[in-house]
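This report describes the surface, overall form, charge pairs and selected residues of one protein chain. Please consult the sequence and the structure shown below while reading.

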Amino acid sequence: MISCVLSTVTAGLLERESIYTLKFKRRGIELPDREEPNALKSLYVSDVIDRSPEVVTESAPFEALVDLLVASDHEEFFVVNARGELLGAISLGELRRAILDREPLASVVVAGDLVEAGLATVTEEDDLDVVAQIFSSRRVQELAVVDAVDARRLVGCVRERDVMHAYREEALRR
């Protein structure tokens, strides 16, 4: 059995082609390379980016956040400073917890007080496999998409449901 394994590995190292594809190669017929089996590696953030994420300034009052919660279908609210630099995000869950203590918070809390730092971000050049791994490890529904050169400049967001939709479309295409 060991000799079979060694001979297979040696043959594979010496000749890339199999006995079936070698005939085509000798006749000058090039077979296309197989597609990447992971459909998410062939799709990119730029394919599914939402260029209008929910953005609030760090000085936005608590009541404005509550209004945004009611009006928006986003799961994350991205917080920027006065220069437009991304500071972090406020998750829908965090905002819901804050609403429970709404009365004492309404006049003193601003968006900057609720922001979650350490936000995972992606760029438009990242493939959706990387994005899916972040979604599963961070347990978030949306990720901030930042500029490739300036990681503090928000250019959009990507939603988990859009990634899954793109995956299904690509799988059906194949």
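The accessible surface of the chain comes to about 11300 Å², and carbon and sulfur atoms account for 54% of this area. Accessible areas are obtained by the Shrake-Rupley method with a 1.4 Å probe, and for residues only the protein chains shown count as cover. The model is a predicted one, in which local features need pLDDT of at least 70 and side-chain atom pairs count only at pLDDT 80 or more, whereas totals for chains, interfaces and linings use all residues. Residues are numbered from 1 along each chain as its sequence is written, and side-chain values use heavy atoms, with hydrogens and water left out.

**Overall form**

The chain contains 9 helices and 6 strands; helices (H or I, at least four residues) and strands (E, at least two) are DSSP runs numbered from the N terminus. Its radius of gyration is 24 Å, whereas a compact globule of 174 residues would have a value near 16 Å. That radius is taken over C-alpha atoms, and the globule rule is 2.2 Å times the number of residues to the power 0.38. Along the principal axes, the C-alpha atoms fill a box of roughly 80 × 35 × 30 Å.

Of the 174 residues, 34% are buried. The classes are buried (under 20% relative accessible area), exposed (over 50%) and partly exposed (in between), with a 1.4 Å probe and protein chains only. Among the contacts with a separation of 6 or more, 60% join residues 24 or more positions apart; a contact means heavy atoms within 4.5 Å.

**Charges and salt bridges**

The chain carries 21 positive and 33 negative charges, and the mean positions of the two sets are 10 Å apart. In this count Lys and Arg are positive and Asp and Glu negative, while His and the chain ends are not counted. Each charge is placed at NZ of Lys, CZ of Arg, CG of Asp or CD of Glu.

The structure holds 9 salt bridges, each defined as a side-chain nitrogen of Lys or Arg within 4 Å of a carboxyl oxygen of Asp or Glu. The table lists some of them.

| Basic residue | Acidic residue | N to O distance |
|---|---|---|
| Arginine 159 | Aspartate 50 | 3.5 Å |
| Arginine 51 | Glutamate 124 | 2.5 Å |
| Arginine 97 | Glutamate 94 | 3.2 Å |

What does the salt bridge between arginine 159 and aspartate 50 tie together? Arginine 159 lies in strand E6 (residues 154–159) and aspartate 50 in the loop between helix H3 (45–48) and strand E1 (55–57), so the pair links parts that are 109 residues apart in sequence. Arginine 159 is buried at 8% relative accessibility, and aspartate 50 is buried at 16%.

Arginine 51 forms a salt bridge with glutamate 124. Because arginine 51 is in the loop between H3 and E1 and glutamate 124 in the loop between strand E4 (121–122) and helix H8 (128–138), this pair ties together parts that are 73 residues apart in sequence. Arginine 51 is exposed, at 52% relative accessibility, whereas glutamate 124 is partly exposed, at 22%.

Glutamate 94 and arginine 97 both belong to helix H5 (residues 92–100), where they are 3 residues apart, about one turn of the helix. Glutamate 94 is partly exposed, with a relative accessible area of 23%, and arginine 97 is exposed, at 52%. Elsewhere, salt bridges that share partners join Asp50, Asp73, Arg159 and Arg161 into one network.

**Helices and individual residues**

Helix H2 (residues 19–26) is hardly covered, since the count of buried residues among its 8 residues is 0. Glycine 28, which follows H2, has a positive phi near 85°. Arginine 139 also has a positive phi, near 55°, in a residue other than glycine. Its place is in the loop between H8 and strand E5 (142–146), and arginine 139 is exposed, with a relative accessible area of 73%.

Alanine 71 is part of helix H4 (residues 62–71) and is exposed, at 67% relative accessible area. Its C-alpha atom is 27 Å from that of threonine 123, with the two positions 52 residues apart in sequence numbering.

Which residues are in contact with tyrosine 167, leaving aside its neighbours within four places in sequence? They are Ala39, Leu40 and Leu43. Tyrosine 167 lies in helix H9 (residues 160–173) and is partly exposed, with a relative accessible area of 34%. The C-alpha atoms of tyrosine 167 and leucine 119 are separated by 24 Å, and the two residues are 48 residues apart along the chain.
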